[in-house]
Amino acid sequence: MPTPDLLDPEKEHTLVLIKPDGFKRGLTGEVLRRIERKGYVLKGLKIKKASTELLERHYVEHREKHFFKDLVAYMQSGPLVAVVVEGDRVIEGFRHMMGATNPTVAQPGTIRGDLARDWGTGQIENVVHGSDSIESADREISLWFPELVFEDEKK
């Protein structure tokens, strides 16, 4: 079990989720390879089937949007991989690595541009999630990896 001192408080952290479509298609290694090749450090990793409660808390900002229930159902459609990644400007860097949300328009060379596509299901299956800000990363990491959060940050 990781200890709280595993996270360097001087470094930036982000939560990466390899979504059920990425896990099912065997893309976990490719996504992790790209993260590590960029020089970022993996600080926590879990394979899990997410609960409704966890996903509702994770996607709280989308709760009133028309796609919320479908998003939660999609994220519960199979196991996913949750990863805490550390590095200088890692949030911005990983968001560039991910590419556009819509895989059809994501640039070649990005994770979504290379590995995701529109499968015609009506649900965007775009392989990965990455935190969009330091505040979101802190909140998301505390949800998915409470054992990595320092006691003073849990308040």
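In this predicted model, Asn 126 occupies the loop between H6 and strand S4 (128-130). Asn 126 has a relative accessible area of 2% and is therefore buried, the limit for that class being under 20%. Its side chain forms a polar contact of 2.7 Å with the side chain of Lys 19. Leaving out residues up to four places away in sequence, Asn 126 touches Lys 19, Asp 21, Tyr 74, Thr 101, Pro 103, Arg 112 and Ala 116.

Several of these names recur in the annotation. The unreviewed UniProt entry places the feature "binding site" at Lys 19, Phe 67, Arg 95, Thr 101, Arg 112 and Asn 126. Of these annotated residues, Lys 19, Phe 67, Arg 95, Thr 101, Arg 112 and Asn 126 are included in the lining of the largest pocket. The record and the computed pocket can thus be read together at Asn 126, which UniProt lists under "binding site" and which belongs to the pocket lining.

Thr 101 offers a second view of this region. Thr 101 is found in the loop that runs between helix H5 (90-98) and helix H6 (111-115). With a relative accessibility of 48%, Thr 101 is classed as partly exposed, whereas Asn 126 is buried at 2%. Apart from neighbours within four places in sequence, Thr 101 is in contact with Arg 112, Ile 124 and Asn 126. Arg 112 is also among the residues that Asn 126 touches.

The discussion now turns to the charged side chains. The model has a count of nine salt bridges. In one of them, the side chains of Arg 34 and Asp 114 meet at 2.9 Å, N to O. This pair links distant parts of the chain, with Arg 34 in helix H2 (residues 28-37) and Asp 114 in helix H6, 80 residues apart. Which of the two classes, buried or partly exposed, applies to Arg 34? Arg 34 has a relative accessible area of 16% and is buried, while Asp 114, at 38% relative accessibility, counts as partly exposed.

The surroundings of Arg 34 extend beyond this one partner. A polar contact of 2.7 Å joins the side chain of Arg 34 to that of Glu 30. Not counting residues up to four places away in sequence, Arg 34 touches Met 97, Gly 109, Thr 110, Ile 111, Asp 114 and Leu 115.

A further salt bridge joins the side chains of Lys 46 and Glu 147, at 3.2 Å, N to O. Lys 46 lies in strand S2 (residues 41-48) and Glu 147 in the segment after helix H7 (134-144), so this salt bridge ties together parts of the chain that are 101 residues apart in sequence. Lys 46 has a relative accessible area of 24% and is partly exposed.

Arg 63 and Glu 56 also meet through their side chains in a salt bridge, at 3.8 Å, N to O. Both partners fall in the partly exposed class: Arg 63 has a relative accessibility of 40%, and Glu 56 has a relative accessible area of 27%. Elsewhere, salt bridges that share partners join Glu 30, Arg 33, Arg 34 and Asp 114 into one network. Within that network, the pair of Arg 34 and Asp 114 connects helix H2 with helix H6.

Terms used. Residues are numbered from 1 along each chain as its sequence is written. This is a predicted model: local features need pLDDT of at least 70, side-chain atom pairs count only at pLDDT 80 or more; totals for chains, interfaces and linings use all residues. Side-chain values use heavy atoms; hydrogens and water are left out. UniProt positions are given in the numbering used here, feature names are shortened, and annotations may be inferred rather than shown by experiment. On a 1 Å grid over the protein atoms alone, a cavity is a set of points where a 1.4 Å probe fits but cannot get out, and a pocket is an open set with protein on both sides within 12 Å along at least five of seven lines; lining residues have an atom within 4 Å of a point. Helices (H or I, at least four residues) and strands (E, at least two) are DSSP runs, numbered from the N terminus. Buried means under 20% relative accessible area, exposed over 50%, partly exposed in between (1.4 Å probe, protein chains only). Contact means heavy atoms within 4.5 Å. A polar contact is a pair of N or O atoms within 3.5 Å; within protein, one must be able to donate a hydrogen and the other to accept it, and residues adjacent in sequence count only if both atoms are side-chain atoms. A salt bridge is a side-chain nitrogen of Lys or Arg within 4 Å of a carboxyl oxygen of Asp or Glu.
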